[in-house]
Amino acid sequence: HLSTFQTWKGVARWYWGLVKRQYHADAALRRAAREATKGARTVRDKVLAIYDLVVKKTRYVALAFGVHTYKPYSAPAVFARKFGDCKDKAMLMAVMLREVGVTAHPVLLRTRRNGRIDTRIPSLAPFDHAILYVPKLKLWLDGTAESTSADALPYADQGTMALVVDGKDGKLVTTPVLPATSNLVERELTITLGADGSAQVRERRTIRGQEAAWWR
């Protein structure tokens, strides 16, 4: 693993220089952001509304040709064609949230399946995914996780290396791991016995967190 970057701040500044021109809105995108958050009373309500819009109305399609291996397409282009890859979706959410007064930063991520690496060599090479971070809510959002709720970061995104690109110096962090209390499976069985020896069984299962996406 070789790199010409001296620091992770240098990586974050370089990446922001590459993508910042994509970080803008047009009239259609502004209108959609306002309509999606109409009636939202809190910052969280606004974030969930935008997240829901991007996840449900923008399909995951990766067209990573040339510089677009690293550089997202512009937010208006992604919104207009209704598809994009992970970095496209993260940028789109960030731009739409900015339009309704919420600050959010794109995040470069190394998914857990690829394991840990030595962080002493700053580089773009370790990262294979992009998500979003909302500082005010300390909320991490994966725009490609179509079956996962906003509060349940996918397993592959948890406890792993991430570079928050905030337009300044950036920050290398480790994403949080959801506690056991956020990953629950509750199973309730109601059994009614008949006089003839028969039985009627009813099952109610409530699933929260990690396993919920599979059931959805």
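Which residues point one way from β3, and which the other way? His105, Val107 and Leu109 are on one side, Pro106 and Leu108 are on the other, and all are buried. Here are some notes to go with the model, which is a predicted one.

1. **The strand β3.** Let me start where the question left off. In strand β3 (residues 105–109), 5 of the 5 residues are buried, so the strand is largely enclosed by the rest of the structure. As a reminder, side chains in a regular strand alternate between the two faces of the sheet. That pattern can be followed here, with His105, Val107 and Leu109 pointing one way and Pro106 and Leu108 the other.

2. **The partners of β3.** Two strands pair with β3. Strand β4 (residues 129–134) does so in the antiparallel sense over 5 bridges, and Pro106 stands opposite Leu132 of β4. Strand β6 (residues 161–164) is also antiparallel to β3, with 3 bridges. There, Leu108 has Leu163 as its bridge partner.

3. **The whole sheet.** These pairings belong to an open sheet of 5 strands, in the order β5-β4-β3-β6-β7 with antiparallel pairing. Its edge strands are β5 (139–141) and β7 (171–174), each of which pairs on one side only. From one strand to the next, the twist averages 35°. At the β7 end, β6 and β7 pair in the antiparallel sense over 4 bridges, and Val164 has Lys171 in β7 as its bridge partner. Helix α1 (residues 8–19) packs on the sheet and touches β3, β6 and β7, its direction making about 55° with that of β6.

4. **A salt bridge back to α1.** Helix α1 comes up again in the charged pairs. Asp169 forms a salt bridge with Arg13, and the closest N and O atoms are 2.9 Å apart. Asp169 sits in the loop between β6 and β7 and Arg13 in helix α1, so this pair links distant parts of the chain, 156 residues apart. Neither residue is buried: Asp169 counts as partly exposed at 34% relative accessibility, and Arg13 counts as partly exposed at 42%.

5. **Other salt bridges.** The count for the model comes to 10 salt bridges. How far apart are N and O in the one between Asp85 and Lys87? The value is 2.6 Å, and both Asp85 and Lys87 are buried. Glu186 and Arg208 also meet through their side chains, at 3.4 Å from N to O. Glu186 is in strand β8 (residues 185–193) and Arg208 is in the loop between β9 (199–207) and α6 (212–215), so the pair ties together parts that are 22 residues apart in sequence. Glu186 has a relative accessible area of 40% and is partly exposed; Arg208, at 38%, also counts as partly exposed. In addition, Arg187, Glu203 and Arg205 are joined into one network by salt bridges that share partners.

6. **Helices α2 and α5.** Packed helices are described by the angle and the distance between their axes. For α2 and helix α5 (residues 86–99), the axes come within 9 Å and cross at roughly 70°. The two are therefore roughly perpendicular to each other. Leu29, Arg30, Ala32 and Ala33 of α2 make the contact with Leu92, Val95, Met96 and Glu99 of α5. By type, the contact residues divide into 6 nonpolar, no polar and 2 charged.

7. **Thr37, after α2.** Is Thr37 buried or exposed? With 9% relative accessibility it counts as buried, because the cut-off for that class is under 20%. Thr37 lies in the loop between α2 (27–36) and α3 (43–57). Setting aside neighbours within four places in sequence, Thr37 is in contact with Lys46, Ala49, Ile50 and Val100.

8. **Gly84, in β2.** The last residue to look at is Gly84, which lies in strand β2 (residues 83–84). Its relative accessible area is 0%, so Gly84 is buried. Not counting residues up to four places away in sequence, Gly84 touches Thr58, Arg59, Tyr60, Val61, Val78 and Lys89. For a distance to check in your viewer, the C-alpha atoms of Gly84 and Gly115 are separated by 26 Å, with the two residues 31 apart along the chain.

Conventions: Residues are numbered from 1 along each chain as its sequence is written. This is a predicted model: local features need pLDDT of at least 70, side-chain atom pairs count only at pLDDT 80 or more; totals for chains, interfaces and linings use all residues. Side-chain values use heavy atoms; hydrogens and water are left out. Buried means under 20% relative accessible area, exposed over 50%, partly exposed in between (1.4 Å probe, protein chains only). Contact means heavy atoms within 4.5 Å. Two strands pair if DSSP finds at least two bridges between them. Axes are lines fitted to C-alpha atoms, for helices over the stretch in contact, and angles run from 0 to 180 degrees between N-to-C directions. Angles under 35 degrees count as roughly parallel, over 145 as roughly antiparallel, 65 to 115 as roughly perpendicular and the rest as oblique. Ala, Val, Leu, Ile, Met, Phe, Trp, Tyr, Cys and Pro count as nonpolar, Asp, Glu, Lys and Arg as charged, and the others, Gly among them, as polar. A salt bridge is a side-chain nitrogen of Lys or Arg within 4 Å of a carboxyl oxygen of Asp or Glu.
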